[in-house]
Amino acid sequence: MLSVIENGISYMPSDGIGQEQEWRRASFCTAGECVEVTERDGAVLLRDSKDPSGCVLSFSVEEFRTFVLGIQAGEFDDLSTVRANRI
């Protein structure tokens, strides 16, 4: 799997990931501006649904599991109300 490290973030160009991958998004995603997720070669991959041919972030299963646990614990709830002009 081609992986690029830039500023400490591991990602890969999406052209290395075929359309055969089954990308999933949250059922709460209704506006089409979502994060999509899939699994490949033991890694969890994330991409922006608005730019499916853009870069893909790659995380180990443990990294992703830890992030999901933080979400479930409410550690990032404040980010769900951030206004676009504050980012």
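Accessible areas here come from the Shrake-Rupley method with a 1.4 Å probe. The structure used in these exercises is a predicted model.

**Exercise 1. The whole protein**

Task: Describe the accessible surface of the protein, the share of its residues that are buried, and the order of its elements.

Solution: Begin with the surface, which comes to about 6,600 Å², with 53% of that area belonging to carbon and sulfur atoms. Next, turn to the residues, of which there are 87 in the protein, and note that buried ones make up 23% of them. Then take the elements: the protein has 6 strands and 1 helix, and, when read from the N terminus on, they follow the order β-β-β-β-β-β-α. Finally, consider the contacts between residues at least 6 apart in sequence, among which 29% join residues at least 24 apart.

**Exercise 2. Strand β5 and its partners**

Task: Work out which strands pair with β5, in which sense they run, and how many bridges join them.

Solution: On one side of the question stands β4, which covers residues 35-40 and is joined to β5 by 6 bridges, the two strands running antiparallel. One of the bridge partners can be named here, since V35 is matched with D48 in β5. The two strands form a hairpin with 2 residues between them, and in the turn D41 has a positive phi of about 50°. The other strand to consider is β6, which pairs with β5 in the antiparallel sense over 4 bridges, and here A43 has S60 in β6 as its bridge partner. As a last step, look at burial: 5 of the 6 residues of β5 are buried, and therefore this strand is largely enclosed by the rest of the structure.

**Exercise 3. Two residues compared with the cut-offs**

Task: Decide whether S49 is buried or exposed, and into which class of accessibility I71 falls.

Solution: First place S49, which is found in the loop between β5 (43-48) and β6 (56-60). Its relative accessible area is 12%, and because buried means under 20%, S49 counts as buried. Leaving aside neighbours within four places in sequence, S49 is in contact with R25, G32, E33, C34 and E36.

Now place I71, which is found in helix α1, residues 61-72. Its relative accessibility is 41%, and because partly exposed covers the range between under 20% and over 50%, I71 counts as partly exposed. To complete the picture, I71 joins F67, F76 and L79 in making a nonpolar surface patch of about 360 Å².

Key:
Residues are numbered from 1 along each chain as its sequence is written. This is a predicted model: local features need pLDDT of at least 70, side-chain atom pairs count only at pLDDT 80 or more; totals for chains, interfaces and linings use all residues. Side-chain values use heavy atoms; hydrogens and water are left out. Buried means under 20% relative accessible area, exposed over 50%, partly exposed in between (1.4 Å probe, protein chains only). Contact means heavy atoms within 4.5 Å. Patches are made of residues with over 30% relative accessible area and no salt bridge: like charges are joined within 9 Å, nonpolar side chains (Val, Leu, Ile, Met, Phe, Trp, Tyr) within 5 Å. A salt bridge is a side-chain nitrogen of Lys or Arg within 4 Å of a carboxyl oxygen of Asp or Glu. Two strands pair if DSSP finds at least two bridges between them.
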